[in-house]
Structures are given as structure tokens and as C-alpha cells.
Amino acid sequence: MTCENKATSDARENRPSALRRLTTVDEVETTVGRPASAVMLKQISALDEGCRTVLARCPIAAFGYRDADGTHRTTFIGGRPGFARVHSPTRISFSLPESGDPHGPVSFFFLLPGVGEILRVNGSVAARKGAETTVDIAEAYVHCAQAVLRSRLWQPPAPLAQAAPVAEFAGDGPLYQPGVAEFLAAAPFLALSTWDSSGGSDTSPRGDRQEVARILDGRTLVIPDRKGNKRADTLHNLLTDDRLSFAALVPGRTGVLHVRGRGAITDDPALLETMALRGMPPHLALLIDVEHAEVTANDAVARSRLWTPGAHVDRGTVPDLMALAGEHLAAGSADAEGGPPAFLLKAVGAIPGMARLLRLVMNRAYRSGLRKEGYEVAKEDIDEDVRPGAGGGRRSFLRRRPDDDGGSGAGGTGAGATEHPLRDVRVAEMRRETPSAVTLVLEDLVREDTGANPGSFDFRPGQFFTLVADIGGRPVRRAYSASSAPGSARLEVTVKHVEGGRFSTHVHRSLRAGDRLAVRGPSGSFHAEPRPPDATDAPGASDEIVLVAAGSGVTPMMSMIRTRLAVRPGRDRIALLYSSRSADEIIFADELTRLAKDNPDRLSVTHVLTSRDGRLDADGVRRWVTGLSPAPGARYYTCGPGPLMDAVQGVLAGLGVPDELVHQEHYTSGADTRAVATSVPQEMTVEDDGRPLGTVLVEPGQTLLDAGLAVGLPMPYSCTVGNCGDCMVRLRGGEVTQNEPNCLTPAQKADGYVLTCVGCPLSKVTLDIADQ
């Protein structure tokens with residue numbers, strides 16, 4: 001036989017259709033064995049205190065479910081610790097970040113960054129309200145660390161390298177879709193969802209040292225099945241229902257590969273030999289006939305910032321998961337026949353130092369097991385002097401960069417910081433101001449697990465906050481000026497409904513007292529101090545402020561008025577010119593009237609109703625200002641539509657008011673205007689005055705800022721919605737598209753500046769964060 005004929009013959013023998021399949025339980029258990037009774041006794045039927053603590057600290061989970069039409073799906077959900085809200089030991093809820101409508105049995109596994117073991121939870125959908133999904137818990141148990149250790153999931157990601165060419169995978173089939181083969185070649189970890197004969201769901205982790213799933217042809221994948229704890233849920237499920245789905249991760253990337261198809265089990269020796277490690281092949285493999293494959297950006301992965309410095313959980317805040325598994329085993333043994341005596345397990349577990357001893361034993365068992373499978377195990381992979389089940393001991397069991405001290409990076413409100421910059425709040429009250437404007441009264445969301453007292457909201461009157469809400473399962477952000485005075489335990493923001501505005505529509509139609517939001521801020525340079533500096537006593541100085549507003553532009557002015565009247569008795573003078581469409585649309589109408597009546601020597605309010613008086617123009621502004629006769633050192637603040645602010649600016653310049661005494665607030669519309677980006681990942685390099693800081697892939701639809709923050713690059717930022725300009729950087733190379741409108745001036749755009757918070761790359765790009 002010629003070499004060519006032999007190669008053709010081998011290829012024919014390794015075709016998916018020619019590979020042997022296992023079809024019975026006996027065939028599977030002959031290879032993998034039967035699970036020990038102790039393994040099956042670790043299941044508990046309700047979330048105990050340890051499980052609830054894990055969920056409170058966990059920022060991300062894999063989630064497997066079926067749509068109403070029966071389509072199988074697996075994705076990653078979450079984005080922040082405590083995203084899964086525990087309502088009782090048998091009920092949790094969360095937001096689903098996609099349009100899918102889960103029905104029936106569902107399954108999860110919860111990941112703690114830096115921790116090897118995984119908490120698996122199975123249950124069924126109890127209710128759906130918008131994107132909020134409520135699940136009744138059927139069982140929970142701890143999964144061993146082998147998948148995480150095999151994949152080195154929590155190791156610092158390798159520097160981004162140019163994707164290897166995949167010309168050999170050119171052709172037809174879902175695996176040849178853009179970016180799929182490249183993603184698979186780099187993905188060491190995935191979450192695999194299957195269903196049993198009664199419809200019950202299981203989502204389990206799979207990990208390997210290189211790619212966890214390998215392409216055989218345009219629609220066929222193979223996943224090695226190496227030795228585990230013999231539960232073999234996935235293998236048993238596939239014998240009765242071959243439908244499956246999985247979601248794969250690449251450390252350092254925020255995209256997720258979603259795959260659906262049908263699975264089979266094979267023990268074909270020739271195929272297994274191709275996946276051998278140091279001459280040791282896996283005992284089985286999964287063959288997947290792929291029906292759908294797609295790489296998409298994932299909000300949960302991006303917001304979790306799994307691979308940023310300092311992301312690993314503090315071991316003191318979570319239980320050691322192996323010790324937790326021991327507690328579950330003791331609980332399960334109490335009700336089981338033939339298992340180890342529950343009293344003996346509890347007594348052993350209560351011995352001082354036993355949890356640490358168990359951890360040392362398990363670490364050595366992990367090390368031995370991986371070596372037997374053919375893995376090369378470095379000391380950093382499983383350090384026997386630490387606790388991988390609780391995020392590390394004296395040293396992390398995961399390799400870190402030499403300069404990884406968990407500190408915060410430069411810029412903004414915490415770029416690169418270990419703590420998430422968002423602040424959890426609840427809606428304490430909703431107060432109707434006009435038919436189209438409502439005030440949200442927000443206060444800290446006090447969690448039972450922290451016991452922290454509500455804090456105050458400190459800002460400068462006139463500044464704004466970015467509100468974040470889960471709408472349709474995805475985070476939506478909008479900036480709103482504070483209308484309350486600073487220093488209170490409650491923050492008030494007033495939201496006017498904007499036609500086509502996703503966030504404002506959600507506030508006016510769906511939000512209720514008791515609902516949760518998140519807040520970032522304060523942001524913005526438009527503000528008045530609570531009181532002028534002592535230099536106001538100098539000749540020519542003035543405590544007077546002159547305010548011009550239209551519509552919802554009165555909200556920052558209201559904060560200034562409330563603050564000044566509260567802390568400056570008797571000296572200062574405030575004048576407000578306020579344009580509204582009609583009397584019904586005057587925001588804070590009653591309070592402004594009352595404050596002016598109670599403080600006649602300090603506050604004057606002049607209303608312009610466009611339905612009665614016509615549009616407020618430059619002549620109207622000039623007449624009002626000259627009639628007011630402000631002091632020479634008075635400060636001017638204006639907030640409203642662009643034409644009005646331009647008119648005020650022109651009037652004040654004509655009256656000889658120095659530019660430094662005039663302050664304007666520029667803000668974008670609440671309507672949704674998204675930039676159109678490419679459908680493939682683009683490479684972004686970030687520099688600091690020409691010095692490279694790092695390179696990352698920006699997923700389709702992801703912003704430059706989110707991609708940089710997700711991997712710990714020190715990106716400057718504040719509001720995240722294009723209003724404040726703190727994220728402005730110089731575009732040194734490539735092409736970027738941005739959401740409009742935003743706060744960049746035409747001159748800044750012409751000089752090559754972009755806003756990373758609303759910018760998406762159209763090509764490979766280079767940004768310099770020093771040249772702002």
C-alpha cells in the first residue's frame with residue numbers, strides 16, 4: 001500500500017460515521033466504573049448555609065436550559081457577586097442575559113475565581129417575569145476540581161497571539177463560521193449541558209490542558225473524557241437523550257462559543273490515541289454532531305473580570321468547598337442505608353485541623369490523578385501548602401504574574417481595581433413629578449450576609465450618576481443628574497421619559513419600589529460647591545449663582561438650590577430661569593414655589609412656558625439677565641438643549657462675562673443609538689505614552705472600555721455612557737465607530753480622540769491612554 005493510500009485509509013477509518021459507539025449503561029460502566037456510594041450521597045435537596053455563602057460571593061455561573069420550543073442552550077450568567085438571589089433554601093432567581101425563555105428542568109454550576117471545586121445546582125423553572133427567572137432547587141453538590149485544574153482556568157492568560165491559520169478547516173458546516181475554529185483552538189474549558197430520560201438537566205465542567213474540544217470536520221467535534229469521579233452524569237444522559245449544548249471559554253477573552261448538537265460516546269482506540277497525553281489516551285470520548293456554533297460577546301464574563309489582578313476570592317469569605325462536600329456527605333449519610341455513619345462523619349469533621357488535613361489529602365490526590373492521566377503537573381498548579389477549594393492559602397495554587405499584587409490600576413473610578421465600581425441600591429420610593437418625569441429615591445441595598453449599614457451619597461451638587469439596570473436580561477446604562485443634596489443616605493435622580501429611550505421607558509413602565517439597580521459615580525465637572533470658598537469676601541467676589549435650565553435640565557440645578565439653601569443662611573443669592581413646555585411639565589413646580597416663597601431674598605424663579613410664551617431665545621435670555629443685574633463675580637450655570645446653551649453662551653459673552661464664570665452641562669439623549677461594529681473580534685493594543693501595556697481581543701458588539709477592563713488594563717473612565725469624557729484617549733492606529741451623540745467636540749474628533757466607553761473597533765486598533 002502506498003503512503004497516500006494508507007493515509008486515505010486511515011482518514012476513512014477515523015471518519016465520525018465509522019467510529020464505534022457505546023449505547024448501553026453496561027458498556028459505559030465497564031469503562032468508567034460505577035460511582036462510589038459516597039459520591040452519590042453528597043447531594044443535598046436544599047441550599048445550606050455554605051451553599052448560600054458561595055452564591056453570595058460567586059460572580060458567574062454556567063446555565064443549561066431548554067427554550068419553550070425545546071432548543072437546548074448553555075450560556076454563562078451573572079457578572080457580579082451575588083447575582084443569584086437566594087429567596088429561600090429551595091428558591092433562587094437571576095437575570096437571563098439573552099432572549100431565550102427557559103422552561104422545565106435547568107442546571108447550573110457556580111464558579112468562584114481562583115477556586116478549583118465547583119458548586120453544581122439542579123432545579124426547574126418556577127416563574128418568569130421579564131428577564132428575571134425564578135428556579136426551584138432540586139439538588140446541590142460540590143464537583144471536584146479536576147476540570148479546572150486540567151484547563152488551568154485561573155492561571156493568568158497567556159499574552160494574546162495572532163490566531164493560527166485554520167485553512168485546513170475551510171469548507172461547509174457550522175464549525176467553519178467566522179471565528180469558531182480559532183476560538184476552539186484556544187479554549188481549554190467548557191460547560192456541557194445534557195438531559196436525562198425524565199427531562200432532568202445536568203451542566204458539568206470539562207477542561208483540558210490545550211483545546212478541550214477538537215474539530216474532526218466541519219460539523220463534528222470530539223471531547224476527550226478523562227477519568228473523573230465516576231458520576232458520569234453526561235455519559236448516562238446521552239444514552240437516553242443525545243441532544244446537548246455547551247458554552248466554551250478562552251481565558252482572557254470575554255466572548256463565549258455557544259454550540260448545540262447531538263452527542264454520542266465512543267471508545268474507538270485510534271481516535272482516543274490522537275488525544276493521548278504522554279502516551280496515556282482518555283478512556284472515552286464524546287462525538288458531537290454540531291447543528292449550531294457561534295461566538296458572541298458575553299456580558300457576564302466581561303463584567304465578572306475573571307482574569308483581572310486580584311479577582312480571586314478571599315479564602316476567608318467562602319468555605320473550603322471540600323469541607324463543604326464533607327458536610328453534605330454527612331447530611332446525606334443520615335438518611336441513607338449502607339453509607340458511612342453520619343455521626344462518625346460529623347465527629348471527624350469537628351476535629352480541629354481536620355478541614356486543612358482534608359485539603360492536603362485532596363491536593364495530593366488531584367496531583368496524583370492528573371499525573372496518571374498524562375498531565376505534567378507543576379508545583380504552581382496544585383501547591384500542597386494551600387487550599388485550592390478556598391482561593392488559596394499562604395500562596396495561591398495558581399500561577400500569577402510577578403507584579404500581580406491585586407492593587408488598583410490608574411484612571412477613572414477604579415479601573416483595574418479589585419472591587420467592582422458599581423454600588424448596589426434599591427428603589428426606596430418613586431415620586432411622580434410631572435406626567436413625563438419621575439424621581440427615583442435610591443438607598444443602599446443592605447445585604448444580610450454583610451450586615452453593613454447604609455452609606456451616604458457624597459457628590460458635588462450638579463454632578464451626575466450612571467444608573468445600571470438589567471433590562472431584557474442585559475445591563476443598560478444611562479446617566480442622570482442628582483436632584484437631591486449631597487451627604488444623605490438617599491440619592492434622588494429624576495428621569496424624564498424619552499420616546500424610544502430604553503432605560504427611561506423601563507423606569508416609567510416597569511420599575512417599582514423595592515426593585516434593585518446599580519449606581520456608578522459621581523461623574524462630571526459641572527457642579528457648584530456647597531458654599532463658595534473664603535475668597536468670596538475679597539472685593540468684587542460674589543456668592544451669587546445664576547441658573548438657566550430647560551426641561552429635565554433643571555435636575556442638577558435643583559441639587560444646587562437645595563444644597564445652597566440648606567447650608568448657606570443669608571448670604572448667597574440664587575436666580576433660576578426655567579423653560580418648560582407647559583405648566584404641567586414644570587418639574588419640581590411646587591417645591592420651587594415653596595422655596596422661593598420661604599427664601600424671597602435668596603431665591604428667585606422665573607418660568608417660561610413655550611406653549612404660552614414661545615421658545616426661549618437669546619433676546620429672552622438677555623432681557624432676563626440684564627433685568628437681574630447680577631454681581632460682577634456671579635457664576636452662571638446652564639443645562640438644556642444645545643441651541644439654548646449656545647444662546648446663553650452668546651448672551652453672556654456679549655455682556656462681558658468671563659468664560660471661567662460660565663459652566664455648561666452637555667448630556668446625550670436617552671434614545672438608543674448604537675454604533676455598528678464588525679461581526680468578528682478585533683485586536684486592541686493599549687499604550688501609555690507609547691509604552692505597550694497590553695493587547696486584548698474586542699468581541700463583536702463589545703466596547704473598547706469593557707474589553708480593556710475585563711483583562712485588567714488601566715483604562716481611564718467614569719460615567720461609561722459617553723457623557724463625561726474621562727475615557728477619552730488618542731486613537732493611534734485603526735478605525736473606531738462610536739455611539740452618537742456623545743460629549744466629544746468636533747475639534748477633539750478631528751484630532752483623533754475617541755471615547756472608549758461608547759467606541760467599538762472596526763479594525764485592529766492602538767490606543768494611547770496617556771494622550772488625553
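# Exercises on a predicted model

The backbone nitrogen of Gly255 lies 3.1 Å from a polar atom of the side chain of Glu699. The exercises below concern a predicted model, and the first of them begins from this pair.

## Exercise 1: the surroundings of Glu699

Determine where Glu699 is placed in the chain, whether Glu699 is buried or exposed, and which residues Glu699 touches beyond its sequence neighbours.

Solution. Begin with the secondary structure: Glu699 belongs to the loop that runs between strand S27 (691-698) and helix H19 (704-710). Next consider accessibility, where the relative accessible area of Glu699 is 2%, and because buried means under 20%, Glu699 counts as buried. Then list the contacts, setting aside residues up to four places away in sequence: Glu699 touches Arg253, Thr254, Gly255, Val295, Ala297 and Pro681. One of these, Arg253, is 446 residues from Glu699 in sequence, and yet the two C-alpha atoms are 8.0 Å apart in space. The side chain of Glu699 also has a polar atom 3.1 Å from the backbone nitrogen of Gly255.

## Exercise 2: two helix pairs

Describe how H2 packs with H7 and how H14 packs with H15, giving the angle, the axis distance and the handedness of each crossing.

Solution. Two packed helices are described by the angle between their axes and the distance between the axes. For the pair formed by helix H2 (residues 25-32) and helix H7 (residues 233-240), the angle is about 160 degrees and the axes are 10 Å apart. Angles over 145 degrees count as roughly antiparallel, and H2 and H7 are therefore roughly antiparallel to each other. The crossing of H2 past H7 is right-handed. On the side of H2 the residues that meet the partner are Val25, Val28, Glu29 and Val32, and on the side of H7 they are Leu235, His236 and Leu239. Sorted by class, this contact has five nonpolar residues, one polar and one charged.

For the pair formed by helix H14 (residues 554-567) and helix H15 (residues 589-598), the angle is about 30 degrees, with the axes 12 Å apart. The crossing here is left-handed. H14 contributes Met558, Ile561, Arg562 and Leu565, which meet Glu591, Leu592 and Leu595 of H15. Sorted by class, the contact of H14 with H15 has five nonpolar residues, no polar ones and two charged ones.

## Exercise 3: a charged residue in H14

Establish whether Arg562 is buried or exposed, and name its contacts beyond four places in sequence.

Solution. Arg562 is placed in helix H14. The relative accessible area of Arg562 is 15%, and Arg562 is buried. Away from its neighbours within four places in sequence, Arg562 is in contact with Arg431, Ser483, Ser484, Ala485, Glu492, Phe588 and Glu591. Of these, Glu591 has already appeared among the residues of H15 that H14 meets.

## Exercise 4: two side-chain polar contacts

Compare the settings of Ser107 and Asp242: which element or loop holds each, how accessible is each, and which side chain does each contact?

Solution. Start with Ser107, which is found in strand S5 (residues 103-111). With a relative accessible area of 0%, Ser107 is buried. Its side chain makes a polar contact of 2.6 Å with the side chain of Ser201. The wider set of contacts, with neighbours within four places left aside, consists of Ala62, Phe63, Gly64, Val121, Asn122, Ser201, Asp202 and Thr203.

Turn then to Asp242, in the loop between H7 and strand S12 (243-249). Asp242 has 28% relative accessibility and counts as partly exposed. The side chain of Asp242 makes a polar contact with the side chain of Arg262, at 2.6 Å. Beyond four places in sequence, Asp242 is in contact with Gly261, Arg262 and Gly263. The C-alpha atom of Asp242 is also separated by 9.2 Å from that of Asp196, a residue 46 positions apart along the chain.

## Exercise 5: backbone exceptions

Examine the backbone at Arg305, at Asp689 and at the peptide bond from Gly521 to Pro522.

Solution. Most residues other than glycine have a negative phi, and most peptide bonds are trans. Arg305 has a positive phi of about 50 degrees; Arg305 lies in the loop between helix H9 (299-304) and helix H10 (321-333) and is buried, at 12% relative accessible area. Asp689 has a phi near 55 degrees, again positive; Asp689 lies in the loop between strand S26 (682-688) and S27 and is exposed, at 67%. Finally, the peptide bond from Gly521 to Pro522 is cis, with omega near 10 degrees, and Pro522 lies in strand S20 (residues 516-523).

Definitions and conventions: Residues numbered from 1 in each chain as written. Predicted model: local features only at pLDDT ≥ 70, side-chain atom pairs only at ≥ 80, totals over all residues. Heavy atoms only, no water. Axes fitted to C-alpha atoms, helices over the stretch in contact; angles between N-to-C directions. Helix = DSSP H or I, 4+ residues; strand = E, 2+ residues; numbered from the N terminus. Left-handed = near helix turned anticlockwise from the far one by under 90°. Contact = heavy atoms within 4.5 Å. Nonpolar A, V, L, I, M, F, W, Y, C, P; charged D, E, K, R; others polar. Buried < 20%, exposed > 50% of the residue type's maximum accessible area, 1.4 Å probe, protein only. Polar contact = N/O pair within 3.5 Å; in protein donor to acceptor, adjacent residues only side chain to side chain. Parallel < 35°, antiparallel > 145°, perpendicular 65-115°, else oblique.
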